[in-house]
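Me: Please take a close look at one part of this structure, a stretch of paired strands and the loop that follows. I am new to it, so go step by step and then say how that part relates to the rest.

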Amino acid sequence: FGLNRLEVTDLDFERQMTRPSLAPISKSPASREFKDLFRKTYRFVAVDVVTANRDQGSICQIGMALVSADGTVDTIGILIDPEQDFESFNIDLHGIDEETVQGALTFEMALQSLRPFLERHILIQHSNFDKQAFNAACSAYRIPALRAKWLDSVQIARRAWPELKGNGGHGLGSLKDHLNLNFEHHDAEEDARAAAEVTLLAEEKTGQSFSELSEPKKKQHKYQPSLAVEGDQQGPLYGHVACFTGQLTMSRVEAATFAAGAGITVKTGVSKKVTLLVVGDQDMTLLAGHDKSGKHRRAEELKEQGHEIKIVGESEFMGLINSNLGN
């Protein structure tokens with residue numbers, strides 16, 4: 001993009017962690033280094049930011065809650081020097097001022113380290129403010145916007161607790177009381193954890209995945225739409241391209257996230273670039289009289305033509321992922 005790359009060492013980045021601590025509901029050892037957390041692949045990452053002033057791009061803290069497949073939640077908070085003045089209203093709200101962020105990384109420097117991790121995960125925000133803040137900060141620094149799929153835990157909460165509409169609403173303050181959550185509001189790390197907890201509790205209440213709850217009712221499909229995502233270049237399976245078809249036991253969003261973490265790029269359709277077609281259980285009522293999906297039939301055609309494409313079941317695919325990631 002014609003940008004100058006900034007050199008940020010691991011030590012520089014680690015010094016900016018406000019609390020490389022774990023959420024109370026986590027059973028992981030508190031001594032785990034944040035670098036180890038970033039090497040893992042998570043079901044989703046909840047993100048929250050606070051700002052120095054009324055400018056949405058004046059991010060002064062980024063909070064993240066990293067949700068593992070087993071429900072464990074790790075949280076990280078990073079102080080950011082917004083290179084802007086702080087307003088008293090914002091300081092009173094979150095307690096961060098010029099002195100607090102002295103020596104902290106700028107948003108541009110922090111995003112350089114965070115971008116690969118964030119772009120291979122589904123990001124959950126509570127309302128659209130956090131995505132807008134990221135976009136505004138990227139625009140201010142003239143760097144590419146974060147290429148990630150954002151979901152909204154407000155939408156998720158509305159689906160799980162419709163009775164709160166007109167009765168307190170679905171903001172974190174209202175949900176804190178309704179769900180008996182314990183967190184410090186307006187701290188980015190704490191609010192990120194709260195958004196993650198709201199999402200997990202909504203899944204527990206409804207029996208649906210976070211990606212299903214994020215989809216408007218009128219647009220829901222028997223098979224969830226596929227997600228295109230680039231594989232982690234450091235992943236052991238980088239170079240493979242996968243496509244999903246059929247009914248998986250997990251959502252296609254989650255399947256794509258785990259694939260990307262192992263280095264596999266995910267596409268929404270079958271082409272000559274695809275090396276893996278992952279087939280879930282088929283619902284015969286959706287196959288127009290065929291015993292295989294259109295993607296499955298197309299993959300077999302390409303295979304007969306000599307293209308290297310392997311057709312595997314979901315369990316075999318997850319076994320491949322787990323064996324290569326050492327899980």
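**The strands and the loop after them**

Reply: E83 sits in the loop between β4 and α3. The model is a predicted one. The phi of E83 is near 55°, which is positive although the residue is not glycine. Most residues other than glycine have a negative phi. E83 counts as exposed because its relative accessible area is 51%, and the cut-off for exposed is over 50%.

Going back along the chain from this loop leads to β4, which covers residues 73-81. β4 pairs with β3 in the antiparallel sense, over seven bridges. In this pairing V67 stands opposite V73 of β4. The two strands, β3 and β4, form a hairpin with five residues between them. In that turn, G71 has a positive phi of about 90°.

β3 itself spans residues 59-67 and is mostly covered: nine of its nine residues are buried. β3 also pairs with β2, residues 44-51. Eight bridges join β2 and β3, and these strands run antiparallel. One facing pair is A46 with A65 of β3. β3 thus has pairing with β2 and with β4.

β2 leads on to a pocket. The second largest pocket holds about 320 Å³ of space. It is lined by 18 residues, and those closest to its centre are V49, V50, L93, F129 and H186. The elements that give two or more residues to this lining are β2, α3 (88-94) and α5 (129-141). By type, the lining has six nonpolar, eight polar and four charged residues.

α5 leads to another residue with a positive phi. R142 is found in the loop between α5 and β7 (149-152). The phi of R142 is near 55°, again in a residue other than glycine. R142 is exposed, because its relative accessible area is 72% and the cut-off is over 50%.

Last, the cysteines. A disulfide is a covalent bond between the sulfur atoms of two cysteines. A search of the whole structure finds zero disulfides. Two of the cysteines can be placed by their accessibility. C138 counts as buried because its relative accessibility is 1%, and C243 counts as buried because its value is 0%. The cut-off for buried is under 20%.

Methods:
Residues numbered from 1 in each chain as written. Predicted model: local features only at pLDDT ≥ 70, side-chain atom pairs only at ≥ 80, totals over all residues. Heavy atoms only, no water. Buried < 20%, exposed > 50% of the residue type's maximum accessible area, 1.4 Å probe, protein only. Helix = DSSP H or I, 4+ residues; strand = E, 2+ residues; numbered from the N terminus. Pairing = 2+ DSSP bridges. Disulfide = S-S within 2.5 Å. 1 Å grid on protein atoms, 1.4 Å probe; cavity = no way out; pocket = protein on both sides within 12 Å on 5 of 7 lines; lining within 4 Å. Points joined across faces, edges and corners; volume = space filled by probe spheres on them. Nonpolar A, V, L, I, M, F, W, Y, C, P; charged D, E, K, R; others polar.
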